[in-house]
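Here are my comments on the model, point by point. Please read them alongside the coordinates.

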Amino acid sequence: MDTMTLPDQAEMRRSILDDLDGGFTLMVMTYQPGIYSGALRLTRHHDDAQEIAQDTFLRAYRALETYDDDQVATLAFRPWLWTIALNLCRNRVRRSRGTSPLPSEETISVLDEDPFDEEGWNDRFAKLTVTQRTAVVLRHVVDLPIIEIAEITGRPTGTVKADISRGLDRLRTIINGEDHR
Amino acid sequence: MTDLEQALRALDIQPPTDLVRTTLIETGAADQITTIDSPFGPLWIAWSPRGVTAVTPRFACESVGDFLDEHRRNAYVIDHLPRHLEERIDKALASGMTSDVPVDLRGLSDFQRAVLAACSRIEAGTVRSYGWIAEQLENPGSVRAVGTALGRNPIPLVVPCHRVVRSDGAIGNYAFGPEMKRELLIREGAILM
């Protein structure tokens, strides 16, 4: 879906209240790419990112089936979905700590060329604290506003800003160190 | 935007192309559809992870587009049923005993679901009247509504609405014509007036 035609919250809410499956389809098409991208940077594994991007929406769909109209009417979809996704990322990273990223079969050809310097970015993100990495990925990879990151992570906006700033500083230092090698 | 911020934005890559499709199918927000051979000729069949959502004879919907228009749900066409469903459906269509086939009746009203549940209790080789269904629902005044609900049965053959006839013994209506209804009942060994 073209980013210029993304539906707004009100349109998506109307769509879900009117027809859950139709509205949910819109929700998947709108938010799943960002969740996949963010989960990929947070877990470092393509397969994990794919599973998290799918499980997030499985859980969301089951929840939406039980929500009444008032609950749907007050739901902020993106931070809600990201709260689910971030929990799944944390669980996944906790479970697989210490394992190196393995490419899925589908992504081998992409990784062979590595146009995004995946390995390099995985190494750099691994050198940030979990809170810095989460804040930087959500702000600068997924492009979420700070107020939503604060809601998703349960941290005050000032703290999120500091996490981002320190994370970016650390990344600059790491990259400068690579350049002088 | 600094160079570093631009480099981070470039990491926002697209997921595999089939992820949306897989997600919608796994959640049940979209169905899968295919055609199968049956003792009654080729059928369109749609299903979600919960069960069968629609059945229609091919003669009633010639193209997949016709079936999707009729079905009114997002669906992806694949070339075969999953094995667990295929075995149950084959057995059910051959024997007329359909209670082992999982069904997904989301989107229907409580009344419609109750009508179809009562209808599913009618055994092969027997017929019941619309009034009998209304009695089963402890709502004897709902005969006409029962007829409407059966007429909109999304999974005929699996929910055997062809086993419901008029109280005077006349064969009554059927979505795919009274001739097909008669053939189905004769095949099951029902005694018709």
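**Notes on the predicted model**

1. Read along its sequence, chain B runs α-α-β-β-β-α-β-α-α-β-α-α-β-α. That makes eight helices and six strands in chain B. The model is a predicted one.

2. The overall dimensions of chain B deserve a comment. Its radius of gyration is 21 Å, whereas a compact globule of 193 residues would have one near 16 Å. Along the principal axes, the C-alpha atoms of chain B fill a box of roughly 85 × 35 × 25 Å.

3. On packing, 34% of the 193 residues of chain B count as buried. Taking the contacts in chain B between residues at least 6 apart in sequence, 51% join residues at least 24 apart.

4. How many residues does each chain bring to the contact? Chain A gives 27 residues and chain B gives 22 residues. On the side of chain B that touches chain A, the elements that give two or more residues are helix 1 (3-9) and helix 2 (19-27) of chain B. Helix 2 of chain B supplies the largest share of that side, with seven residues. By residue class, the side of chain B that touches chain A divides into 12 nonpolar, five polar and five charged residues.

5. Confidence in chain A should be stated with its exception. The mean pLDDT of chain A is 87, and 85% of its residues reach 70 or more. Over residues 102-111 of chain A, however, pLDDT stays under 50. For this stretch of chain A the model has nine contacts beyond four places in sequence.

Notes
Residues are numbered from 1 along each chain as its sequence is written. Chains are lettered from A and ligands numbered from 1 in the order in which they are written. This is a predicted model: local features need pLDDT of at least 70, side-chain atom pairs count only at pLDDT 80 or more; totals for chains, interfaces and linings use all residues. Two residues are in contact if their C-beta atoms, placed from the backbone, lie within 7 Å. Helices (H or I, at least four residues) and strands (E, at least two) are DSSP runs, numbered from the N terminus. Ala, Val, Leu, Ile, Met, Phe, Trp, Tyr, Cys and Pro count as nonpolar, Asp, Glu, Lys and Arg as charged, and the others, Gly among them, as polar. pLDDT is the predictor's confidence in each residue, from 0 to 100. The radius of gyration is taken over C-alpha atoms; the globule rule is 2.2 Å times the number of residues to the power 0.38. A residue is buried if 20 or more other C-beta atoms lie within 10 Å of its own, exposed if 12 or fewer, and partly exposed in between; C-beta atoms are placed from the backbone.
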